[in-house]
Amino acid sequence: MGYFVNLPLSWILADGQWLEWFIAEGLSPEFGFDEAGVEQPLPWHQGIGERLRAAGLSCSVHLPFMRLRPGSPDAAELRFTRERLNRAAELSRVYGAAHMVGHPAYIAERDGEAGSAETPERGWLERFCETWRPLPELGGCPLFLENIRDQSPRLLPGLVKALNLPPAQVGICFDAGHWHAFAGGKKKQDLPEWVKAHAPYIRHLHLHDNDGSDDQHLGLGKGDLPFELLLSELDAHGLRPSVTFEPHSGENFMDTAAWFAARPKAAAQIGWVAPKGSGLPIPPENEMQVF
């Protein structure tokens, strides 16, 4: 496994020290393509990409999601969504991204057949597929759909199948924190069922911790998500996905580093390399999109 660490582009806009810190630490970023970042001119993006390549670092991309509805029945809303996602995919190619992560934005009560947690309405599914199918070619890299507030482990596999893209172009990003907080995972303790259902398509992981009450994006070990069980289940299915850690501060990331330092077996399975941990930047105080 290799790993990335989330870095919203708006953080770089607010304080360039973030990019410098990632380069100094040798960390490969998963750039959060928030609204402010996507709207920057092309030379700005090219400059960041050149800095990373010069440092020998790779990157990945988390596509925008705020105000976007990939399966919307509203023509104007759908057009805006597709324009924004297509622009982000084209920028992903500029960065030479290893992959793109996208939010399906499926809400069962609104988009499901009779409110189904796993069966979308036919019209929604057709619009959804038309929105996402072009992106791997535009971005020059695979697209991984992420579980957000999914209430069934069978939703994402169904969406991946519906896209009917080559296996090299599409897969699932399993977010363990979202399972724990949004799908009732803490109470149900059904992680093996979720991993098994997603296993044929899991290509990437998003890792962060929480106490089950909300999507807190803590460092590993600061909540009660069963990470060692997750790694065991992945191993049982022969899965070695890449990983993005999603802390919301440098301190959260160092908590994750401490967790791995105490667990050499887990560190070896992930391919963890300890950061130097010097000169942590301070996250911008203005409200940021949560990735």
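**Strands and helices of a predicted barrel**

Let me begin with one pair of residues: Tyr-3 has Val-243 in β8 as its bridge partner. What we are looking at is a predicted model, in which local features need pLDDT of at least 70 and side-chain atom pairs count only at pLDDT 80 or more, whereas totals for chains, interfaces and linings use all residues. Residues are numbered from 1 along each chain as its sequence is written, and side-chain values use heavy atoms, with hydrogens and water left out. Helices (H or I, at least four residues) and strands (E, at least two) are DSSP runs, numbered from the N terminus.

That pair belongs to the contact between strand β1, residues 3–8, and strand β8, residues 242–245, which run parallel and are joined by three bridges; two strands count as paired if DSSP finds at least two bridges between them. The wider arrangement is a closed barrel of eight strands, in the order β1-β2-β3-β4-β5-β6-β7-β8, with parallel pairing. On average, and ignoring direction, neighbouring strands of this sheet are turned by 30° against each other. As a general reminder, strands of a sheet pair through backbone hydrogen bonds, either parallel or antiparallel.

Let me follow the strands from β1 onwards. Six of the six residues of β1 are buried, so this strand is largely enclosed by the rest of the structure; here buried means under 20% relative accessible area, exposed means over 50%, and partly exposed lies in between, with a 1.4 Å probe and protein chains only. Tyr-3, Val-5 and Leu-7 point one way from β1, while Phe-4, Asn-6 and Pro-8 point the other way.

On to the pairing of β1 with strand β2, residues 29–32: the two run parallel and are joined by four bridges. Within that pairing, Val-5 stands opposite Pro-29, and Leu-7 has Phe-31 as its bridge partner. Strand β2 is itself covered on both faces, with Pro-29 and Phe-31 buried on one side and Glu-30 and Gly-32 buried on the other. Phe-31 also stands opposite Val-61 in β3, and three bridges join β2 in parallel to this strand, residues 60–62. From β3 the parallel pairing continues over two bridges to strand β4, residues 100–102, where His-62 finds its bridge partner in Val-101.

Now to the helices, where I would like to set two contacts of α7 side by side. Helix α7, residues 122–132, packs with helix α9, residues 155–163, at an angle of about 65°, their axes being 10 Å apart; axes are lines fitted to C-alpha atoms, for helices over the stretch in contact, and angles run from 0 to 180 degrees between N-to-C directions. The two helices are therefore roughly perpendicular, given that angles under 35 degrees count as roughly parallel, over 145 as roughly antiparallel, 65 to 115 as roughly perpendicular and the rest as oblique. Their crossing is right-handed, that is, the near helix is turned clockwise from the far one by less than a right angle, anticlockwise being left-handed.

Which residues make the contact of α7 with α9? On the α7 side they are Trp-124, Leu-125, Phe-128, Cys-129 and Trp-132, and on the α9 side Leu-159, Ala-162 and Leu-163, where contact means heavy atoms within 4.5 Å. By class these are eight nonpolar, no polar and no charged residues; Ala, Val, Leu, Ile, Met, Phe, Trp, Tyr, Cys and Pro count as nonpolar, Asp, Glu, Lys and Arg as charged, and the others, Gly among them, as polar. In α9, the buried residues are Leu-155, Leu-156, Pro-157, Leu-159, Val-160 and Leu-163, and they pack against α7, β5 (143–146), β6 (170–175) and α12 (191–198). Just after α9, Asn-164 takes a positive phi of about 55°.

The other contact is with helix α5, residues 75–95, whose axis comes within 10 Å of that of α7 and crosses it at roughly 30°. That makes α5 roughly parallel to α7, and this crossing is right-handed. Leu-78, Arg-82 and Leu-85 of α5 meet Arg-127, Glu-130, Thr-131 and Trp-132 of α7, and by class this contact has three nonpolar, one polar and three charged residues.

Finally, is Arg-110, in helix α6 (residues 108–111), buried, exposed or partly exposed? At 34% relative accessibility, Arg-110 counts as partly exposed. Leaving aside neighbours within four places in sequence, Arg-110 is in contact with Arg-69, Ala-105 and Glu-121. Its C-alpha lies 9.7 Å from that of Trp-124, the two residues being 14 apart in sequence.
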